[in-house]
Amino acid sequence: MIGIDLELTGCTVLIAGSKSGSNKAVKRFKSQGATVLTAQEPFTAIQLLEQASLLVICDAEPARFAPVTQASRIPVMHLEPTSQTGSITLLGGGPGALDLLTLRGVHALADAEVIFADRLGPAEHLPLLAPQAKIIDVGKLPGHHKLTQREIEAQMIETARGGANVVRLKGGDPFVFGRGYEEITAATAAGIPVNVIPGLSSCLTVPAVAGIPVTARGINTMFTVVSAHDPLTDIQLEHLSKLGGSIVILMGMGTIEQTVAGLHRVGMDGQMPCAIIESGTTEKQRTSYTQLDKLAQTARGHSNPAVIVIGEVAGLPATLASIAVQEEPGLLAPQLEVA
C-alpha cells in the first residue's frame, strides 16, 4: 500500500531488518521520495530512531526488534520480508476508465516491482499508480505482437524466480477472453505462487455506460458473450439467434461483415436493434445505435476497441429518450447517435 496510503516525499524512514529481507522495502520507499535509513540490528536501529519519522520492521524474526518498537515515539509499520521466490498477480484492469479499476487492484499495483502490461485497461496511468515498478509493455495489436504468449509467460516466470513481485495487468477481466488461465497454469507448473484479482469486464460495463442493460425484464432472460476475433460459423449464429437473448460481441470489428451476413442467412430480422460502443467508459467513448441491416455500414465509422450489442435491449436507450421528453418536455433528452 506504499504510495497509496502515505505521503512519503521528504519523510525519513527507518527500515529495521536483514538486508536481504528488506531490500524491496528500501527500493519502494525511495521510489516514493523518502529518505531511507537502514539497520540490521536492534542496537543500531535504536540509535537512528531520532532521525526518522516512520519506523518499518521488515525481518523474518520481527520479535528481535521489539525493543526498538517499544522505544519508538513515531509510527510503526510491519512488512513481510523479501522471499527468495517472487510471485505473480494476475490483475484485471477493467474496461479503461481509471476509476473503474478495483481498490484491490490499486494496492496490487502499488506493491508491484515489475508489471507486464497490456495496451487496454488503465495502462497509461501506471506512472501514477506504480511509480516504483518497472513497466514492460506486452500489449498486442491485431496482427502485431511484441511478444508471443509463451514468451510473456516465460519472462514473467523468470522475473518472479528472481524474487520480484510481478503483476500481469490485463484489460477487463483476465478470465474473459484474456488468456489468463494459460498464464496461471504456466506459473503454477513452474512453482510460482499466483494470485488472481478480477476486473470489471467490458461485456457488462461498456453496454451499461451506453444505457444498454444486457438483460431487461419482459424483453430477455439471457445474454451471450461472444469472441468474434475469428468469424462465427452459421451453426453458431443460428443457435445464437434462436436463444432470443442479447448478443454481446467482443473483438468483433474485424469480422462484423461476416457476422451480419451470417445472421441474415439464419433468419434474423434486419430491423433488430444493434449498437456499437467504441472506447467505452473513457473520454473517447462514442456510441452508435442502429439495426442489423445497417450494422456493417455503421461499423465502418468506428474503430477498436469496441463492443457490439445485438438484440432488443440495444433499442432501449431510444425508448428512454422518448420517455424523458414526454415526462419533462423542457428536459434535454439523452443524445443518441443513430445510424
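Begin by selecting helix 1 in this predicted model, where Gly21, Ser22, Lys24, Ala25, Val26, Arg28 and Phe29 are buried. Showing the surroundings of these buried residues brings up what covers them, including strand 1 (12-16), strand 2 (35-39), strand 3 (54-57), strand 4 (76-78), helix 4 (103-111) and strand 10 (165-170). Helix 1 itself runs over residues 19-31, and its 13 residues reach 18 Å from the first C-alpha to the last, close to the 18 Å expected at 1.5 Å a residue.

Next, select the two ends of this helix. At the N-terminal end, Ser18 acts as the cap, with a side-chain oxygen 3.1 Å from the backbone nitrogen of Gly21, while helix 1 is followed by Gly33, whose phi is positive, near 90 degrees.

Now move to the open sheet of five strands, which has the order 12-13-16-14-15 and mixed pairing. Its edge strands, each pairing on one side only, are strand 12 (223-227) and strand 15 (286-291), and neighbouring strands of the sheet are turned by 15 degrees against each other on average, direction ignored.

Zoom in on strand 14 (residues 273-278), which runs antiparallel to strand 15 and is joined to it by six bridges; to find one of the paired positions, select Cys274, whose bridge partner in strand 15 is Thr290.

Finally, add the helices that lie across these strands. Helix 8 (residues 202-209) lies across strand 12, strand 13 (246-250), strand 14 and strand 16 (306-310), and runs at about 80 degrees to strand 16. Helix 11 (residues 292-299) lies across strand 14, strand 15 and strand 16, with an angle of about 145 degrees to strand 15.

Conventions. Residues numbered from 1 in each chain as written. Predicted model: local features only at pLDDT ≥ 70, side-chain atom pairs only at ≥ 80, totals over all residues. Heavy atoms only, no water. Pairing = 2+ DSSP bridges. Helix = DSSP H or I, 4+ residues; strand = E, 2+ residues; numbered from the N terminus. Axes fitted to C-alpha atoms, helices over the stretch in contact; angles between N-to-C directions. Contact = heavy atoms within 4.5 Å. Expected span 1.5 Å × (residues − 1). Buried < 20%, exposed > 50% of the residue type's maximum accessible area, 1.4 Å probe, protein only. Polar contact = N/O pair within 3.5 Å; in protein donor to acceptor, adjacent residues only side chain to side chain.
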